[in-house]
Amino acid sequence: SIGFWVTRRLSGGATFDAFNIKCLDRMTARLASAPIRTVALLRLVFFLAPAFNQAMALTPMKFRDYALGSAIGLMPAMCLATLLLQWILDRGIA
């Protein structure tokens, strides 16, 4: 979320719309239709990618939607990491 905020501030609020690229226009339109769900699903793929934070900052998405979608999308990976660490500790591997 810090990367999102910094990128949005440094860009001066500019978005991908300024590039007038049809492919980006279609993607941002899909993003605008269901921002929380889209971010949550993308977070499953781009778990902790800083570039993802920066790309989302260049969309017209609200920070609230980004943060909520990220929180939802990060939950499965964090649960798996917690269970894996517990399994490792139980086995005395670490």
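Me: What makes R37, L41 and V45 in α3 count as exposed?

Reply: In this predicted model, R37, L41 and V45 are exposed and sit on the other side of α3, away from its buried residues. The label exposed requires a relative accessible area over 50%.

Me: Which residues of helix α3 are buried?

Reply: In α3, which runs over residues 35-45, the buried residues are P35, V39, A40 and R43. Buried means under 20% relative accessible area.

Me: Why are the buried residues of α3 said to line one face of the helix?

Reply: Viewed down the axis of α3, the buried residues fall within an arc of 130°, so they line one face. The general background is that an α-helix has 3.6 residues a turn, so residues three or four places apart point the same way.

Me: What covers the buried residues of α3?

Reply: The cover includes three helices: α2 (22-33), α4 (50-57) and α5 (63-91).

Me: Why are α2 and α3 called roughly perpendicular?

Reply: The two helices pack at an angle of about 110°, and their axes are 5 Å apart. Angles of 65 to 115 degrees count as roughly perpendicular, and α2 and α3 are therefore given that description.

Me: Which residues of α2 meet which residues of α3?

Reply: On the α2 side they are R30, L31, A32 and S33, and on the α3 side P35, T38 and V39. Sorted by class, this contact has four nonpolar, two polar and one charged residues.

Me: Why is T7 buried?

Reply: T7, a residue of helix α1, has a relative accessible area of 15%. The limit for buried is under 20%, so T7 is classed as buried. With neighbours within four places in sequence left aside, T7 is in contact with Q54, A57 and L58.

Me: Why does L10 count as exposed?

Reply: L10 also belongs to helix α1, which spans residues 2-11. Its relative accessibility is 73% and the exposed class begins over 50%, so L10 counts as exposed. The C-alpha atoms of L10 and G73 are 26 Å apart, with these positions 63 residues apart along the chain.

Me: Why does F47 count as partly exposed?

Reply: F47 lies in the loop between α3 and α4. Its relative accessibility is 29%, and partly exposed covers what lies between under 20% and over 50%, so F47 counts as partly exposed. Not counting residues up to four places away in sequence, F47 touches L74, A77 and M78. From F47 to L89, 42 residues along the chain, the C-alpha separation is 24 Å.

Me: Why is T15 buried?

Reply: T15 is in the loop between α1 and α2. Its relative accessible area is 18%, against a limit of under 20%, so T15 is buried. Leaving aside neighbours within four places in sequence, T15 is in contact with L58, T59 and P60. T15 and F4, eleven residues apart in sequence, are 12 Å apart from C-alpha to C-alpha.

Me: Where in the chain is confidence lowest, and where is it highest?

Reply: Confidence is lowest in α2, with a mean of 83, and highest in α5, at 94. The pLDDT averages 89 over the chain, and 99% of the residues score at least 70.

Technical notes: Residues numbered from 1 in each chain as written. Predicted model: local features only at pLDDT ≥ 70, side-chain atom pairs only at ≥ 80, totals over all residues. Heavy atoms only, no water. Helix = DSSP H or I, 4+ residues; strand = E, 2+ residues; numbered from the N terminus. Buried < 20%, exposed > 50% of the residue type's maximum accessible area, 1.4 Å probe, protein only. Arc of directions from axis to C-beta. Contact = heavy atoms within 4.5 Å. Axes fitted to C-alpha atoms, helices over the stretch in contact; angles between N-to-C directions. Parallel < 35°, antiparallel > 145°, perpendicular 65-115°, else oblique. Nonpolar A, V, L, I, M, F, W, Y, C, P; charged D, E, K, R; others polar. pLDDT = per-residue confidence, 0-100.
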